[in-house]
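Me: I should like to discuss the helix packing and the ligand surroundings of a protein model. Please look at the entry below before we begin.

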Amino acid sequence: MDIKILHIDSNHSLLWDQLQHSGFINHSDFTSSKEEIEAKIQDYQGIVIRSRFKIDKEFLDKATNLQFIARVGAGLESIDCDYAISKNITLIAAPEGNRNAVAEHTLGMILSLFNKLNEADGEIRSGHWNRESNRGHELDGKTIGIIGYGNMGKSFANKLRGFDVEVLCYDIQDNVGDVNAKQVSLAKFQQKVDVVSLHIPWTPDTDKMVDSDFINGFVKPFWIINTSRGKNIVTADLVAAMQSGKILGAGLDVLEYEKLSFETLFKDKHTPEAFQYLLKARNVILTPHIAGWTFESHERLAQVIVDKIKAKYFGQAKVAEPEKRVTGIGGFFFKSKNPKELVAWYVKHLGLKTDDYGSTFWWKDKEGNDCSTQWSPFSDDTNYFAPSQKPFMQNFRVDDLEILLQKLSDEGVTIVGDVQTYEYGKFGWVLDNEGNKIELWEPIDKAFQ
Ligand SMILES: NC(=O)c1ccc[n+]([C@@H]2O[C@H](COP(=O)([O-])OP(=O)(O)OC[C@H]3O[C@@H](n4cnc5c(N)ncnc54)[C@H](O)[C@@H]3O)[C@@H](O)[C@H]2O)c1
């Protein structure tokens, strides 16, 4: 395999090192112009970029041997995706790498606005001890509305789980709501929410989406946070709504005036009036497009990109989480002389809710998914635990049964029987070094509900 990759932006060193270790040939060019890169791009099968320039038709026409474009970031707006796909080029992005950062930043902005942390801090530093004017608001009891319930929106909703808030989401796709956010129509959304957080891509539909009409559609005055793209909001309309009191405060990590390269904002001779207002407004927090920009995401973005490039060439779908082989205890199974009587005892004395399988305990994983663990007595004469002679059998939850069984088999672990598929998931069996039987379960939990 001779896959040559051109890196045109600097990234965490693991990206380069791990790709090299896997046999890819890395070249870097962080300084040449787009035209200079175009002149040599036909030599490369892969390109790794952040935001240095747009990858347009012209560029893609010259990239005659390109097999993938990897963007070390969440979105692919700077790439002509349709044209790249028509040329059979794989597009790789890494929203998994910075979604936690964006979620924490969004929450930080809300808490900071609600508690006037920036204002109060500034006042103390200039010698003012003002308590009443810095009285805060609480999130408790409020309705938080998320527009765009994808990677970032979901991650933010997950962060809100510890707060006593109602979380609603609005999205153009159907059925994206989950346990952390209830999906509603735009009308319902605008009727109920107190805080709006934007997590949408920048598309013709979402360009200038938040304008006066949109803002006036909300029933209550509200706070707004934007960590998606600056051009999702018409800043002049936002400012007008702040002046009228319809918008109570704004946290803006992205600005309408950002250029593709983001860093030229203050070099423009003319600072728009609305921007001047934002710079002075006390109920506004501005950050320079850093919601996804943390030490942790720097590393995680690079890792996600490496994993996805490797998955493309080596077919390792789950290489991102090699160590997370089991994700929880799926069941506690044991033999009983009289399962029926035993179950009755547990119902009476420990209040278990039982069905034909025993009892199902529900819990939520880190992403907020409903998960279950089964408690099941088996009759003494069962051979379900065979070849183990023990009166119990362990069951572990796993993410990808087939991949794990392959790894275990490669490591010399005894596999018992073939994989079996039921409505509640896939099952496979192995023995530990003492002959205890372990059932591995790739669950479909909702089949029990
Ligand atoms: N500030 C930062 O540092 C930072 C970091 C990462 C991502 N982002 C931005 O966050 C945004 C969301 O990223 P993501 O990875 O979650 O994207 P995503 O594609 O995973 O999710 C976007 C969601 O928005 C929905 N959507 C699209 N058009 C819509 C519309 N008109 N109305 C309502 N919903 C609509 C989509 O159906 C999708 O569910 C992007 O703009 C991305 O560039 C910013």
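Me: Is the crossing of α10 and α11 left-handed or right-handed?
Reply: The model is a predicted one. In it, the axes of α10 (residues 235–244) and α11 (residues 273–280) come within 9 Å. The crossing of this pair is left-handed.

Me: Why are α10 and α11 described as oblique to each other?
Reply: Angles under 35 degrees count as roughly parallel, and those from 65 to 115 as roughly perpendicular. The axes of α10 and α11 cross at roughly 45°. This angle falls in neither range, and the two helices are therefore oblique to each other.

Me: Which residues of α10 meet α11, and how many charged residues does the contact have?
Reply: Thr235, Ala236 and Val239 of α10 meet Ala274, Phe275, Tyr277 and Leu278 of α11. By class, this contact has 6 nonpolar residues and 1 polar residue, and the number of charged residues is none.

Me: At roughly what angle do the axes of α5 and α7 cross?
Reply: Helix α5 spans residues 95–115 and helix α7 spans residues 151–159. Their axes come within 8 Å of each other. The pair is oblique, its crossing is right-handed, and the angle is roughly 50°.

Me: Which residues of α7 meet α5, and how many charged residues are in the contact?
Reply: From α5, the contributors include Pro95, Glu96, Arg99 and Leu107. On the α7 side they are Asn151, Met152, Ser155, Phe156, Asn158 and Lys159. The residues of this contact divide into 6 nonpolar and 5 polar, with the charged ones numbering 4.

Me: Which residues come nearest to the ligand?
Reply: The ligand has 33 residues around it. Both α5 and α7 supply at least two residues each to this shell. Met152, which also takes part in the contact of α7 with α5, is among the nearest. The full set of nearest residues is Gly75, Gly148, Gly150, Met152 and Gly292.

Me: How many residues of the shell around the ligand are charged?
Reply: The shell divides by class into 15 nonpolar and 14 polar residues. The remaining class, the charged residues, numbers 4.

Me: What percentage of the residues in the protein chain are buried?
Reply: The protein chain comes to 14 helices and 20 strands, and its C-alpha atoms fill a box of roughly 85 × 60 × 40 Å along the principal axes. Among contacts between residues at least 6 apart in sequence, 61% join residues at least 24 apart. Of the 449 residues, the buried share is 31%.

Key: Residues are numbered from 1 along each chain as its sequence is written. This is a predicted model: local features need pLDDT of at least 70, side-chain atom pairs count only at pLDDT 80 or more; totals for chains, interfaces and linings use all residues. Axes are lines fitted to C-alpha atoms, for helices over the stretch in contact, and angles run from 0 to 180 degrees between N-to-C directions. Helices (H or I, at least four residues) and strands (E, at least two) are DSSP runs, numbered from the N terminus. Angles under 35 degrees count as roughly parallel, over 145 as roughly antiparallel, 65 to 115 as roughly perpendicular and the rest as oblique. A crossing is left-handed if the near helix is turned anticlockwise from the far one by less than a right angle, and right-handed if clockwise. Two residues are in contact if their C-beta atoms, placed from the backbone, lie within 7 Å. Ala, Val, Leu, Ile, Met, Phe, Trp, Tyr, Cys and Pro count as nonpolar, Asp, Glu, Lys and Arg as charged, and the others, Gly among them, as polar. A residue is near a molecule or strand if its C-beta atom, placed from the backbone, lies within 6 Å of it. A residue is buried if 20 or more other C-beta atoms lie within 10 Å of its own, exposed if 12 or fewer, and partly exposed in between; C-beta atoms are placed from the backbone.
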